[in-house]
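Open the model in your viewer and turn on residue labels. The tour below goes stop by stop, saying what to select and what is there.

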Amino acid sequence: MDCASDTTLKWSHGVVSDIKCRGEHSCFGGRQGFYSHMSVQTQSEMAFSVFVPAGASRKRMPAVYYLAGLTCTDETFVIKAGAQRVASELGLILVTCDTSPRGSGYPGETDSFDFGAGAGFYIDATEDPWSKSYRMSSYVNLELPELIEGQFPAERGLRGIFGHSMGGHGALVSALRYPSKWKSLSAFSPICNPSDVPWGKKAFSGYLGTDAHRWDDWDATILMRNRPYPGRILVDQGLSDQFLSEQLKPEALEAAAAASGQKMDMRKHAGYDHGYYFIQTFVADHLAHHASVLLKAR
């Protein structure tokens, strides 16, 4: 569907930025929109999507941000998870973003699925050339919420975060590093201990350098052991996940939670794999978890 010409202007609470509308669709009485803007943090055009339930133009609503996994985009969760119906019923805005900058042109950026384009790992790179634009942590935690709360009917400061796989890692690390910014937190099949698994070692060495001590600030297990998140965390993991033992290591996160006293519900489900059928099955539980915290915090 074409973009409504007055959508951004209608919802804006401040000066309208350079948001481009890529498409909008009526969905469960609300509106699912796909947008892009020029990011200061990534120095590139970043794609994002926003689902706004009916009635949000009259009263601001809490927003829940979803971070997707390797190879995904801002559209993956929106299309595959079936979350809009539940978000509409609960009165939650849903925000998704891309998984990395696109088209930076760095050598090797598109050579593999687990590093570079589509694989930003939601960290701020420190190594050249990646440090110039692969600043996904600052984008997610600093820039994107300001954009959403300035241009859409999201209640300022009342936000939660969740994600899947690489995005589950990103959600955990974001909330552990910035607990005051995220009132609620959950994850599907997160990469729990990236410093100790192949995906994480490849990404961290490329983005952060080969000194593994510099990785500690971006590893959910290490962060949780040292400074737990103040709220309760919901984590769902399928026991037929093909990446469970080699890449995800939920037992490391459980051990960190036990050591630090972190409040966490780690739910393990027989027969479920790493895909979006798993997410579809339990996404309502995650949105209810976020709603229970965010609506109470008003």
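**Stop 1: Arg22 and Glu75.** Select Arg22. This is a predicted model, and in it Arg22 has a relative accessibility of 37%, so Arg22 counts as partly exposed. Now add Glu75 to the selection. Glu75 is also partly exposed, at 30% relative accessibility. What do the side chains of Arg22 and Glu75 form? They meet in a salt bridge, at 3.4 Å from N to O. Arg22 is in strand β1 (residues 20–27), while Glu75 is in the loop between β4 (61–67) and α2 (76–80), so the pair ties together parts that are 53 residues apart in sequence. Side chains of opposite charge can pair when their charged atoms come close.

**Stop 2: Arg31 and Glu24.** Select these two residues next. Their side chains meet in a salt bridge of 3.5 Å, N to O. Is Glu24 buried or exposed? With a relative accessibility of 1%, Glu24 counts as buried. Arg31, at 23%, is partly exposed.

**Stop 3: Arg298 and Glu155.** Select this pair and draw a distance between the charged ends. The salt bridge between the side chains of Arg298 and Glu155 has an N to O distance of 3.0 Å. The pair links distant parts of the chain: Glu155 belongs to strand β6 (residues 154–163), Arg298 to the segment after α10, and the two are 143 residues apart. Arg298 is partly exposed at 44% relative accessible area, and Glu155 is partly exposed at 22%.

Then select Glu146, Glu149, Arg156 and Arg159 together. Salt bridges that share partners join these four residues, Glu146, Glu149, Arg156 and Arg159, into one network. A search of the whole structure finds 19 salt bridges.

**Stop 4: the sheet.** Switch to a cartoon view and colour the strands. In what order do the nine strands of the open sheet lie? The order is β1-β2-β3-β5-β4-β6-β7-β8-β9, and the pairing is mixed. At the edges stand β1 and β9 (264–269); each has a single partner strand, so one side of each is left without a neighbour in the sheet. From one strand to the next, the twist averages 20 degrees.

Go back to β1, the strand that holds Arg22. β1 pairs with strand β2 (residues 30–38) in the antiparallel sense, over seven bridges. To see one bridge, select Cys21 and its partner in β2, Tyr35.

**Stop 5: strand β5.** Select residues 93–97, which make up strand β5. How many of the five residues of β5 are buried? Five of the five are buried, and the strand is mostly covered. Ile93, Val95 and Cys97 point one way from β5, and Leu94 and Thr96 point the other way.

Now show the two strands that pair with β5. Strand β3 (residues 45–52) runs antiparallel to β5 and is joined to it by four bridges. β4 pairs with β5 in the parallel sense, also over four bridges. Leu94 is a useful residue to label here. Phe51 stands opposite Leu94, and Leu94 is also the bridge partner of Val64.

**Stop 6: the cysteines.** Select the cysteines and show their sulfur atoms. A disulfide is a covalent bond between the sulfur atoms of two cysteines. How many disulfides does the count give, with a cut-off of 2.5 Å between sulfur atoms? The count comes to zero. For Cys72, the nearest cysteine sulfur is that of Cys97, 12 Å away, and Cys72 is in no disulfide. Cys72 is buried, with a relative accessible area of 12%. Next select Cys192. The closest cysteine sulfur to that of Cys192 is in Cys72, at 17 Å, which is too far for a bond. Cys192 is buried too, at 0% relative accessible area.

**Stop 7: helix α10.** Finish by selecting residues 276–294, which form helix α10. How far should the 19 residues of α10 span, at 1.5 Å a residue? The expected span is 27 Å, and the end C-alpha atoms are 25 Å apart, which agrees. Where is the kink in α10 centred? The kink, of about 50 degrees, is centred on Phe282. Phe282 is also one of the buried residues of α10. Others to show as sticks include Tyr276, Phe278, Ile279, His286, His289, His290 and Leu294, which are buried as well.

Note on methods. Residues are numbered from 1 along each chain as its sequence is written. This is a predicted model: local features need pLDDT of at least 70, side-chain atom pairs count only at pLDDT 80 or more; totals for chains, interfaces and linings use all residues. Side-chain values use heavy atoms; hydrogens and water are left out. The expected span of a helix is 1.5 Å times one less than its number of residues. The bend at a residue is the angle between axes fitted to the seven residues ending there and the seven starting there. Buried means under 20% relative accessible area, exposed over 50%, partly exposed in between (1.4 Å probe, protein chains only). A disulfide is a pair of cysteine sulfur atoms within 2.5 Å. Two strands pair if DSSP finds at least two bridges between them. Axes are lines fitted to C-alpha atoms, for helices over the stretch in contact, and angles run from 0 to 180 degrees between N-to-C directions.
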